[in-house]
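Thank you all for coming; today I would like to walk through one structure, slowly and in order. Please have the sequence and the structure open beside you while I talk.

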Amino acid sequence: MSRDRRPLTDVSAKPGGAHSMSKAAELAAVLEAHRSERHAIVMQDYPDPDAISTAWAHKLIAARFGVECDIIYEGRISHQENLALVQLTELGMVRYTEGYNLEQYKGTVFVDNQGTTAALTDRFAAVE
């Protein structure tokens, strides 16, 4: 598989003189430009309801544009209410373990994450 990754923001740059797009239109343009790709939605190592619901929402929206997404985290879901949320919704998520193939993803989307709250940030950077 090609390791040629493009930043997901590369299609939102506006040429000089263009009218600004709504945020929804910008997101639609980004996702349309990445149609048929497979992306990883990366959450913080210990996902909370904000991270889980944001990742799920992005997965649903991306699917409308033919972008297949896996929701990935490295730590664990530690609080009972968070476990209940995942179990009751039957939301499929991938818990990263050593040797998991990150090269299968053409792009990454980080949600509810500051870049330092997910060990996967460095793992994906090493794949590029």
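Before I point at any pair of residues, let me say that two strands count as paired if DSSP finds at least two bridges between them. Please also keep in mind that what you see is a predicted model.

With that in hand, let us begin at strand β1, residues 38-42, which is mostly covered, since four of its five residues are buried. On one side of our discussion stands β2, which runs parallel to β1 and is joined to it by five bridges, and within this pairing you can find I41 standing opposite I71 of β2. Strand β1 also pairs with β4, residues 107-110, again in parallel, this time through four bridges, and here A40 is the residue that stands opposite T108. If you follow the chain from β1 through α2 to β2, you trace a β-α-β unit that is right-handed.

Let me turn now to the nonpolar residues in the interior. Which residues have the most contacts inside the largest nonpolar core? They are M43, I71 and M93, and the core to which they belong has 18 residues. Both α2 and β2, the latter covering residues 68-73, supply at least two residues each to this core, and the largest share, four residues, comes from α2. There is also a second core, separate from that one, with 10 residues, among them A40, V42, I72 and V127. Coming back to M93, and leaving aside its neighbours within four places in sequence, we find this residue in contact with M43, I52, I71, Y73, I77 and V86.

Next comes helix α1, which spans residues 23-33 and whose buried residues are E26, V30 and L31. Why do we say that these buried residues line one face of the helix? When you look down the axis of α1, they fall within an arc of 130°, and so they line one face. Part of what covers the buried residues of α1 is helix α2, residues 49-63.

I would like to finish with a loop, namely the one between β3, residues 94-95, and β4, where Q104 lies. The side chain of Q104 makes a polar contact of 3.3 Å with the side chain of Y100, and the Q104 side chain also reaches the backbone oxygen of N101, at 2.8 Å.

Key. Residues are numbered from 1 along each chain as its sequence is written. This is a predicted model: local features need pLDDT of at least 70, side-chain atom pairs count only at pLDDT 80 or more; totals for chains, interfaces and linings use all residues. Side-chain values use heavy atoms; hydrogens and water are left out. Buried means under 20% relative accessible area, exposed over 50%, partly exposed in between (1.4 Å probe, protein chains only). The arc is that of the directions from the helix axis to the C-beta atoms. Contact means heavy atoms within 4.5 Å. A nonpolar core is a set of buried Ala, Val, Leu, Ile, Met, Phe, Trp, Tyr and Cys residues joined through side-chain atoms within 4.5 Å. A crossover is right-handed if, with the strands pointing away from the viewer, the path from the first strand over the helix to the second runs clockwise. A polar contact is a pair of N or O atoms within 3.5 Å; within protein, one must be able to donate a hydrogen and the other to accept it, and residues adjacent in sequence count only if both atoms are side-chain atoms.
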